[in-house]
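Please take a look at the protein and its ligand below. This report goes through a few of its sites in turn.

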Amino acid sequence: MEDIKVKEVKAFGTSAADAPLEQMTIKRRDPSPHDVEIQIMFCGVCHSDLHTARNEWHGTIYPCIPGHEIVGKVVSVGSEVKKFKTGDFAAVGCLVDSCRECEYCIEGLEQYCAKGNVQTYNSADKHLGKQTYGGYSQSIVVDESFVLSVPENLDPAATAPLLCAGITTYSPLKHWNVGPGKKVGIVGIGGLGHMGVKIAKAMGAEVIVFTTSAGKFEDAKRLGADDVVLSKDREQMKRYAGKLHFVLDAVSAQHDINAYLNLLRVDGSLALVGAPEDPLPVAAFSLIPGRKSFAGSMIGGLAETQEMLDFCGKHNIVADIEMINMQQINEAYDRLLKGDVKYRFVIDMASLS
Ligand code: NAP
Ligand code: ZN
Ligand code: ZN
């Protein structure tokens, strides 16, 4: 490990899968020549934070400080930093490093780094040892190559969720060529899903929302959906059988994936971004008769994340948020599990003082 100076900062995290989050102290490194030190103003609350804090994907290292939708102000920069200066707004998403030399990193697909990316929390920390700590904290120090610029016209708090929910939906929508003339289904209107609706609409597609919540119908239309389907109602589901070019599934819990594969046209694709704890059984005959593809997608690379932020800046897209204090995080997790959020909690980090 490098011999570097550290400073202690306040953070919020958990020391066990079944323990509530509470205030803790963590160490942040002093900025090295390529580092940017960011005072965190806002951090979005992603369902992945909850999955990780509660060890639902197994492999959580404790203590765990979640948070990967970070917007803040630059408070210091290393001597070699070119892109940022003190006082700038800056953002950090799900990645803080990667090998930077494998074929995927060179292509700008750092999220699929062959040697393993370094995620903002719960990854091995190359600098200080132990694990990386996320955005539920007062500050973070990140190599400038992994720091993003925030469009000036967007509200900084409502921009925070773009750093995960925004890029996780933008990347597959772009990869599967969503745009004019395409009918696209978005399944699950939570943090990711509501961003998926806004972005797919801005890309020019016809957007159909599939929700288990009748209470989200009006919102789905306001977010830009051309039509809304109550996914629990078989008759309503039949309306789109065999009609969709692409389906983006952002559901966080167990559900019947075959019902959504059935909505695809011949050669259509369903990409999973939602990451439930248990496997989702797929019937062979949900795929074979229509040469359909069942795929997955993980966040996005750095260049694409900046592209997404610029796209959102151009189209005036931000998340619909409910601001909370850091001390309300346990209550927010309980509400997230009930689908009771419209549509992303964002923590006002000034409350952690
Ligand atoms: P969220 O805000 O909690 O939204 C999840 C939505 O799923 C809910 O609003 C609800 O939508 C639907 N849902 C929940 N329980 C359901 C159930 N039992 N049956 C059917 N639908 C249900 O979560 P999020 O932050 O958007 O994250 C969604 C998932 O994506 C999580 O698993 C998260 O870990 C994962 N994720 C993946 C990536 C990636 O890179 N692939 C990145 C970030 C997050 P309706 O009320 O509309 O039905
Ligand atoms: Zn996330
Ligand atoms: Zn790599």
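The side chain of Thr132 has a polar atom 2.8 Å from the backbone oxygen of Gln119. This is a predicted model, so every distance here is computed from predicted coordinates. A polar atom of the Thr132 side chain also lies 3.5 Å from the backbone nitrogen of Tyr121. Where along the chain is Thr132? Thr132 sits in the loop between strand E7 (118–119) and strand E8 (139–143). Is Thr132 buried or exposed? Its relative accessibility is 8%, so Thr132 counts as buried; the cut-off for buried is under 20%. Leaving aside neighbours within four places in sequence, Thr132 is in contact with several residues, including Val96, Val118, Ser123 and Asp125.

**A second loop residue**

Asp233 also belongs to a loop, the one between strand E11 (227–230) and helix H7 (234–238). Asp233 has 28% relative accessibility, so it counts as partly exposed. That class covers values between 20% and 50%. The side chain of Asp233 reaches the backbone nitrogen of Glu235 at 2.9 Å. Asp233 and Thr212 are 21 residues apart along the chain, and their C-alpha atoms are separated by 9.0 Å.

**Two domains and a ligand**

The domain assignment splits the protein into domain 1 (6–164 + 300–351) and domain 2 (166–296). Their C-alpha centres lie 27 Å apart. How many residues of each domain are in contact with the other? For domain 1 the count is 23 residues, and for domain 2 it is 24 residues.

Why does ligand 1 lie between the two domains? Both domain 1 and domain 2 give residues to the shell around ligand 1, so the ligand lies between them. This shell holds 29 residues, and the closest are His47, Thr211, Thr212, Ser213 and Arg344. Thr212 is thus one of the closest residues to ligand 1, and Thr212 is also the residue whose C-alpha atom is 9.0 Å from that of Asp233. By type, the shell residues divide into 13 nonpolar, 14 polar and two charged.

Polar backbone atoms also meet the ligand. The table lists three such pairs.

| Residue (backbone atom) | Atom of ligand 1 | Distance |
|---|---|---|
| Leu192 | oxygen | 2.8 Å |
| Val273 | nitrogen | 3.0 Å |
| Ile299 | oxygen | 2.8 Å |

How much of the ligand does the protein cover? On its own, ligand 1 has 920 Å² of accessible area, and the protein covers 87% of this. Two elements give two or more residues to the shell: helix H1 (47–53) and helix H5 (191–202). H1 gives the most, with three residues.

**A helix inside**

Now turn to helix H4, residues 165–175. Nine of its 11 residues are buried, so H4 is largely enclosed by the rest of the structure. Among the buried ones are Ala165, Ile167, Tyr170, Pro172 and Leu173. What do the buried residues of H4 pack against? Their partners are strand E9 (183–187), H5, strand E12 (244–249), helix H10 (302–315) and strand E16 (344–348). H5 therefore appears twice in this report: the buried residues of H4 pack against H5, and H5 gives residues to the shell around ligand 1. Just after H4, Asn177 takes a positive phi of about 55 degrees.

Key. Residues are numbered from 1 along each chain as its sequence is written. Chains are lettered from A and ligands numbered from 1 in the order in which they are written. This is a predicted model: local features need pLDDT of at least 70, side-chain atom pairs count only at pLDDT 80 or more; totals for chains, interfaces and linings use all residues. Side-chain values use heavy atoms; hydrogens and water are left out. A residue is near a molecule or strand if one of its heavy atoms lies within 4 Å of it. A polar contact is a pair of N or O atoms within 3.5 Å; within protein, one must be able to donate a hydrogen and the other to accept it, and residues adjacent in sequence count only if both atoms are side-chain atoms. Accessible areas come from the Shrake-Rupley method with a 1.4 Å probe; for residues, only the protein chains shown count as cover. Helices (H or I, at least four residues) and strands (E, at least two) are DSSP runs, numbered from the N terminus. Ala, Val, Leu, Ile, Met, Phe, Trp, Tyr, Cys and Pro count as nonpolar, Asp, Glu, Lys and Arg as charged, and the others, Gly among them, as polar. Domain bounds come from an automatic or database domain assignment. Buried means under 20% relative accessible area, exposed over 50%, partly exposed in between (1.4 Å probe, protein chains only). Contact means heavy atoms within 4.5 Å.
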